Amino acid sequence: QRSTGEGLLTLRLAYRPPFDAHTLLGYLEHRALPGVEDVRGGVYRRTIRLPHSRGVIELEPLAGAHAVALRMRLDSLRDLAPLVAHCRALFDLDAAPAAIGDVLANDRLLGPLVAARPGLRVPGAVDGFELAVRAILGQQVSVAGARTMAGRLVAAAGEPLGRPESALSHFFPTPQALATASMDGLGLTQGRINALRGLARAVADDGLNLSRGADWTETVRDLLRIPGIGPWTASYIAMRALGDPDAFPAADLALRHAFERHGLPGDPHTVERHAQAWRPWRAYAAHHLWAGLPSSPQAQPTHQRERAPGAAIVTLSK
């Protein structure tokens, strides 16, 4: 592994095929965070802050290679191993499509959806706190509305990039910064502000673990103790930040609409009962159902009101 004179290093992250890059990139592009993320031309780019380094990375699926190129420009390579893990999580590169398909493909509801999008992945996150903040901002609003609020938050509390690179201008706010930042004038309700501050303090002061290594059950329980975070938000965080492949927000309105479109009752009890056959891959089932809705890419997951409770090319293993 070696870098160029400009500090650019390229790695090739391998995966088990098939891999539905089109749907994955569409999902991320639809939700790209202003100032932090940019998706265009089949390439995902973002700023990233790690314990010992920071900079800009990009991920590009390589046609016919069963791999994703990770290109990075960081001020240090000390965090290379965790960075690779974060990127693999974001693109769900450790998924086992054959095992998932064995469970989902024969289902009457999911079978046609799985056949239409073989290798569908569950988008993850490079930072669990960032994803949790965005989940709170996404409560009861459209994707566009959540992006707008998140962009305002980044501009107000995020650290500017030393030298902006095209659409990338800021690092996402740290828990410490968000816990004390003024959020007045950003268009956020007081309840949402309280939830964001509660989350930031839980991470910064109480050690709430939102990483892939966290205990899913324990972390969801801790999230539900934060006022303003209910079952939908906790499930969505578990799905994308914690990497729980069985996380499933049964009360999600888009999932209920997907059931109704296929002639099935859309009440949460029926959805939950039907989904038992999809375990332990219910997160993948949810993304197949979202992707199959007319407003795709992977139609906006939503919920009812919650009540508080270029140098070296290195191929890495799957």
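User: Helices (H or I, at least four residues) and strands (E, at least two) are taken here as DSSP runs, numbered from the N terminus. In this predicted model, where does proline 18 lie?

Analyst: The model is predicted, and in it a cis peptide bond, with omega about 0 degrees, joins proline 17 and proline 18. Most peptide bonds are trans. As for its place, proline 18 lies in the loop between strand 1 (8–14) and helix 1.

User: Which loop holds proline 280?

Analyst: Proline 280 follows arginine 279 through a peptide bond that is cis, with omega near 5 degrees. The residue is placed in the loop between helix 12 and helix 13.

User: Is helix 13 largely enclosed or not, and why?

Analyst: Helix 13 covers residues 282–291, and 10 of the 10 are buried. Among these buried residues are Arg282, His287, His288 and Trp290. They pack against helix 1 (21–30), helix 3 (97–104), helix 4 (111–116), helix 10 (231–240), helix 11 (253–261) and helix 12 (268–275). Because 10 of its 10 residues are buried, helix 13 is, with respect to the rest of the structure, largely enclosed.

User: Which classes of residue make the contact of helix 9 with helix 10?

Analyst: Helix 9 (residues 216–224) packs against helix 10 at an angle of about 145 degrees, the axes being 9 Å apart. Val220, Leu223 and Leu224 of helix 9 meet Pro231, Ala234, Ile237 and Ala238 of helix 10. By class, the contact has no polar and no charged residues, and seven that are nonpolar.

User: Is arginine 192 buried or exposed?

Analyst: Arginine 192 belongs to helix 8 (residues 190–204). Leaving aside neighbours within four places in sequence, this arginine is in contact with Ile136, Leu137, Gly138, Gln139, Val141 and Met149. The cut-off for the buried class is under 20% relative accessible area. At 10% relative accessibility, arginine 192 therefore counts as buried.

User: What is the relative accessible area of aspartate 92?

Analyst: Most residues other than glycine have a negative phi. Aspartate 92, although not a glycine, has a positive phi of about 55 degrees, and it lies in the loop between helix 2 (80–90) and helix 3. Aspartate 92 is buried, with a relative accessible area of 8%.

User: What radius of gyration does the protein have?

Analyst: The protein has 13 helices and eight strands. For 318 residues the globule rule gives 20 Å, and the value for this protein is close to that, so it is as compact as a globular protein of that length. The radius of gyration is 19 Å.

Methods. Residues numbered from 1 in each chain as written. Predicted model: local features only at pLDDT ≥ 70, side-chain atom pairs only at ≥ 80, totals over all residues. Heavy atoms only, no water. Buried < 20%, exposed > 50% of the residue type's maximum accessible area, 1.4 Å probe, protein only. Contact = heavy atoms within 4.5 Å. Axes fitted to C-alpha atoms, helices over the stretch in contact; angles between N-to-C directions. Nonpolar A, V, L, I, M, F, W, Y, C, P; charged D, E, K, R; others polar. Rg over C-alpha atoms; globule rule 2.2 N^0.38 Å.
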